[in-house]
Amino acid sequence: MDEATGIGAPGPFEARYLAFLETVTHIRPSLHRYCARMTGSVMDGEDVVQESLFQAYRKLDTFDDNRALQPWLFRIAHNRCIDFLRSRGVREEAEAVARVPNFVEQVEPAGAVLGHAIEHLVLTLPPKERACVLLKDVFDYSLDEIAELAGSTVGSVKAALNRGRSKLAILPEGSVPAHPVSAKSSHILSLYVERFNRRDWEGVRELIAYDARLRVADRFAGLLADSPYFHRYETATVPWSMVAGNVDGHPVAIVLHHKNGAWSPHSISRIDFDDHFIIRVVDYAHCPWILAAAADVHYEQRRQGSVSSAIRES
C-alpha cells in the first residue's frame, strides 16, 4: 500500500488492464488502418477492430506479461481480418484477379511513397500477400515480426511479399473495384438523407424496417426502435447536415459539421438495405480515424444554402 495515498498497489489484472487501455489508445488508428486495408473498407475495418479488441479483452487474464501487447493485438486483428475475408469469400475472387506465376523476379519497394500508394491497391492481392505487403512496406515490420504475427515462416513471408510486390508493380490504375448500389437502394438513401435533414423523423421511420438494427460504434447496439438515435441528432448543438456520399467506393451517408464558415465531413454512417427498407444503420460518429484513413471521399458539400459537388482525396 502507498503510505502517502492509502491506496493499495494494483493487482496483476488491473495493471494489465491499464496497460491494455494505454496501448489501445496509442495504436487504435494504425490498427484500424491495417484492418481497413485488409478488408477493403474503412467501415468493415472498424468493425473488425472492435471485434478484435473485445476478443483481446476477454483473453486479457491469460496474457503473458512478458510479451509486448502491441504485436499481440495486431495478431488478433490480423486473424480476425483473415476470418472476415474467408467468410466473405473474396479469397478466390482476389486470386483470380491478381493471378501471376508463383516464381517471379524479386521486386524491392521504392520507399515511403510506394508504401502510401500501394496501401490502397492491396485489395487486389490474396490475403497473405496483402498482409505481408502492408506489414512490411506500410507498417515497417521486420520479416521475423511478420512471420510471428501471421503464424508463418520467414521464408514463406519473403515469398508472399515478393509475389505481392510483383503483382502490384504490373497493376493498371483504378484496379481496386467500386461497390455500386442498386438504383432502388440509392433512391432510399437519398430519401433518408433528405428527410433526416428536414428532421422529419416519422418520414425517416417509414423507410426503416420494424426490426432494423442500429449500432453506434463504441456506444450502442440494438434495435433502432429502442434507441434515442434521432433525438440525439435533433438536440445536437453543433450545426450539421447530412449528404449522400461515397467513401473508398462504398455508398454512405456523410454528416457535415459547420465550422469556421464552411461545411466539412465529420463522420459517416453505413446504411444497409433489403429490397424495400433500411435494415441496419451503423453510425461511426465516435470514430474520427475512419475518415482520416479513407483514400477518397466523395460528397456533396453545402455552401451558403446550396449544395455543390466536392471530393476529398488523400
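Q: Which residues do ring pairs link into a cluster?
A: Let's start with the aromatic side chains of this predicted model. Rings count as a pair if their centres lie within 6.5 Å, and by this rule the model has 17 aromatic pairs. Ring pairs join up into a cluster made of Y192, F196, W201, Y229, F230, Y233 and W240.

Q: What is the geometry of the aromatic pair formed by Y17 and Y57?
A: The two ring centres of Y17 and Y57 are 5.7 Å apart, and their planes meet at 70°. Planes over 60 degrees apart fall into one class. That makes the Y17 and Y57 pair edge-to-face.

Q: Which helices hold Y17 and Y57, and how many residues apart in sequence are the parts tied together by the pair?
A: Y17 belongs to helix α1 (residues 12-39), while Y57 belongs to helix α2 (residues 42-58). Because the two rings pair up across these helices, they tie together parts of the chain whose separation in sequence is 40 residues.

Q: Is Y57 buried or exposed, or partly exposed?
A: Buried would need a relative accessible area under 20%, and exposed one over 50%. Y57 has 38%, so it falls in between. Its partner Y17, at 29%, is partly exposed, and Y57 too is partly exposed.

Q: How many residues apart are F196 and F230?
A: F196 and F230 form an edge-to-face pair, with 6.0 Å from centre to centre and 70° between the planes. F196 sits in helix α9 (residues 183-197) and F230 in helix α11 (residues 229-234). The pair therefore links distant parts of the chain, 34 residues apart.

Q: Is F230 buried or exposed?
A: The cut-off for buried is a relative accessible area under 20%. F196 has 0% and is buried. F230 comes in at 7%, so it counts as buried.

Q: Which residue lies over the face of W240, and at what distance from the ring centre?
A: W240 is one of the residues in the ring cluster. A charge sits over a ring if, among other things, CZ of Arg is within 6 Å of the ring centre. Elsewhere, R33 lies over the face of F139 at 5.5 Å. For W240, the residue is R199, at 3.8 Å.

Q: Where is D140, and what is its phi?
A: D140 is placed in the loop between α6 (127-138) and α7 (143-150). With 60% relative accessibility it counts as exposed. Its phi is positive, in a residue other than glycine, and is near 60°.

Q: What is the phi of D218?
A: D218 is found in the loop between β1 (208-216) and β2 (220-223). It is partly exposed, at 37% relative accessible area. Although D218 is not a glycine, its phi is positive, at about 70°.

Conventions: Residues are numbered from 1 along each chain as its sequence is written. This is a predicted model: local features need pLDDT of at least 70, side-chain atom pairs count only at pLDDT 80 or more; totals for chains, interfaces and linings use all residues. Side-chain values use heavy atoms; hydrogens and water are left out. Helices (H or I, at least four residues) and strands (E, at least two) are DSSP runs, numbered from the N terminus. Buried means under 20% relative accessible area, exposed over 50%, partly exposed in between (1.4 Å probe, protein chains only). Rings of Phe, Tyr and Trp (its six-membered ring) pair if their centres lie within 6.5 Å; planes under 30 degrees apart count as stacked, over 60 as edge-to-face and the rest as tilted. A charge sits over a ring if NZ of Lys or CZ of Arg is within 6 Å of the ring centre and within 35 degrees of the ring normal.
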